[in-house]
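Here is a set of short exercises to work through with the model open beside you. Try each task on your own, then compare your steps with the worked solution.

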Amino acid sequence: MQSRRFPVFALPGRALAVVVAVELATALLVVGDVVRVATGAVAVTPHHLATAGLLTAAGVLHQEVSSRVERYRSRVASGSGTAALNLGSLWIATAAVLCPTPVAVAVAVVSYLHLRCFVYPAHANRDLYKIVYSASATLLAVHAASAVADGDVTLATTVGALAAYLAVDTVAVVGVVVLSGVLKIRDLPRLRPELTLETALLCLAALLTAAMSIQLWLIAFVFPPLLLLHRALFVRQLELAARIDGKTGLLTAATWHELATAHLDEARVRGRSVGVLIVDIDQFKELNDRYGHLAGDAVLAALARTLRTTLRRRDAVGRFGGEEFVVLLPLPHTAPGESARAELGTVAERIRAAAEALRVEAGTGPEPVVIDHVTVSVGGAVFPDHGHHLLDVVAAADAALYEAKRSGRNAVRLAKRRPAPAGRAGAEQTGRQADRDR
């Protein structure tokens, strides 16, 4: 119950150690900033205060202007499993170069408080440790950038300071995500769009730094490109939302079908095999009836995460509908046969075992329900052994899934013969679905 109320304690030991170390280091640095200001060790001029005031006001104005779009973009990202990057780093990084460290820290603190209290008020108490850690990582990055700049605004110091900001912030955040097991090292290339965007923002911060070094009012010229960038991000998020299933973060059935068709076309030209698996949660209706639909959604999301971590990056995983998932596995074999079928069976069995080991916390009460009896049945087929078109291979995998269900569930079955003609397959599939739901 303690880890449920304070989820930070549910982190793996190494991740928890990094979180504590970063937050403790940040707290000590901020206390040091306060002491230096109080003792006069840091010279804060009216020009510094004017610069910080303008950057803070610009950041708040930017958050207010874009708040409705940002809230929607955050919801889309949360549902699709993607990142909704906060664009406030532009103002904070610029302050770290132009202002003394304590002043830049004040700009960052005000920016975060406004963001959490007014832009995302509904999330103010949700996963508080993530919010605190994210703010700590940003403040640590501010200290690193400010130490490199050291009040000397030149091309070399500006580039070095912004590079230090990016490096510290990225390593602190991505490191904990990897150590916590949410993301594996092999999956880091998925973060390339976010890192590219962060780099673009810091390039804009370099231009803003140069402009404000000449005249502070030139800050106004950064708003048009920033708002255009913001709209471009929103369009990208909508495109992702159309391709990603909101409950699981996996591909939608239509997107998976499009991707799988392209894989089969390529395999046909290269003479390779492709495997298709259909994964169905056993007795999912009974689970919903017993624990509620929110618990059912939690099981769907947990199984989706398991599929992503169990499979390779090049394997395409989609939600087929209801409690069914579909997987496409490009196989390395240049000829069909038992070798391709054996590899497909190995992967299917690994999925079945991983699902059986799942423990899913569901419910919002003081004593959360732990669902630890999730099982799946898996049916598989191989292209071109079981058909030369995607629908034929899927029909063969679906027939194998039906055999797994009939054999008692929590089992793997692979197709042994070609599927029935399309007309019969379509008619029989309706009957098989009805049998599954009994």
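**Exercise 1. Find out how strand S1 (residues 274-281) pairs with strand S3 (residues 324-330), and name the partner of glycine 275.**

Solution.
- Step 1: Strands here are DSSP runs of E with at least two residues, helices are runs of H or I with at least four residues, and both are numbered from the N terminus.
- Step 2: Two strands pair if DSSP finds at least two bridges between them.
- Step 3: S1 and S3 are joined by 7 bridges and run antiparallel.
- Step 4: Glycine 275 has leucine 329 in S3 as its bridge partner.

A word on what you are looking at: this is a predicted model, in which local features need pLDDT of at least 70 and side-chain atom pairs count only at pLDDT 80 or more, while totals for chains, interfaces and linings use all residues. Residues are numbered from 1 along each chain as its sequence is written, and side-chain values use heavy atoms, with hydrogens and water left out.

**Exercise 2. Describe the pairing of S1 with strand S6 (residues 376-383).**

Solution.
- Step 1: S1 and S6 are linked by 8 bridges in the antiparallel sense.
- Step 2: Valine 279 has its bridge partner in S6 at valine 378.
- Step 3: Opposite isoleucine 278 you will find glycine 379 of S6.

**Exercise 3. Decide whether the residues of S1 are buried or exposed.**

Solution.
- Step 1: Use the cut-offs: buried is under 20% relative accessible area, exposed is over 50%, and partly exposed is in between (1.4 Å probe, protein chains only).
- Step 2: In S1, 8 of the 8 residues are buried, so the strand is largely enclosed by the rest of the structure.
- Step 3: Take the two faces in turn: Val274, Val276, Ile278 and Asp280 are buried on one side, and Gly275, Leu277, Val279 and Ile281 are buried on the other.

**Exercise 4. Now do the same for S6, and look for its pairing with strand S7 (412-414).**

Solution.
- Step 1: S6 is mostly covered, with 8 of its 8 residues buried.
- Step 2: One side holds the buried residues Val376, Val378, Gly380 and Val382, while the other holds Ser377, Gly379, Ala381 and Phe383, also buried.
- Step 3: With S7, S6 forms 3 bridges in the parallel sense.
- Step 4: Leucine 414 in S7 is the bridge partner of glycine 380.

**Exercise 5. Which peptide bond is cis, and what contact does the side chain of histidine 386 make?**

Solution.
- Step 1: The bond from phenylalanine 383 to proline 384 is cis, with omega near 5°.
- Step 2: Proline 384 sits in the loop between S6 and helix H15.
- Step 3: Histidine 386 lies in the loop between S6 and H15 (390-406).
- Step 4: Histidine 386 has 5% relative accessibility, so this residue counts as buried.
- Step 5: A polar atom of the histidine 386 side chain lies 2.8 Å from the backbone oxygen of alanine 415.

**Exercise 6. Check the span of helix H11 (residues 253-270), then work out where its buried residues lie.**

Solution.
- Step 1: The expected span is 1.5 Å times one less than the number of residues.
- Step 2: For the 18 residues of H11 this gives 26 Å, and the end C-alpha atoms are 25 Å apart, which agrees.
- Step 3: The buried residues include Thr255, Trp256, Ala260, Leu264 and Ala267.
- Step 4: Seen down the axis, the buried residues of H11 fall within an arc of 165°, so they line one face of the helix; the arc is that of the directions from the helix axis to the C-beta atoms.
- Step 5: Ala254, Glu258 and Val269 are exposed on the other side of H11.

**Exercise 7. Where are aspartate 150 and arginine 409, and what is the phi of each?**

Solution.
- Step 1: Most residues other than glycine have a negative phi.
- Step 2: Aspartate 150 has a positive phi, near 50°, and lies in the loop between helix H7 (128-149) and helix H8 (155-179).
- Step 3: With 63% relative accessibility, aspartate 150 counts as exposed.
- Step 4: Arginine 409 has a positive phi, near 70°, and is found in the loop between H15 and S7.
- Step 5: With 26% relative accessibility, arginine 409 counts as partly exposed.

Note on methods. A polar contact is a pair of N or O atoms within 3.5 Å; within protein, one must be able to donate a hydrogen and the other to accept it, and residues adjacent in sequence count only if both atoms are side-chain atoms.
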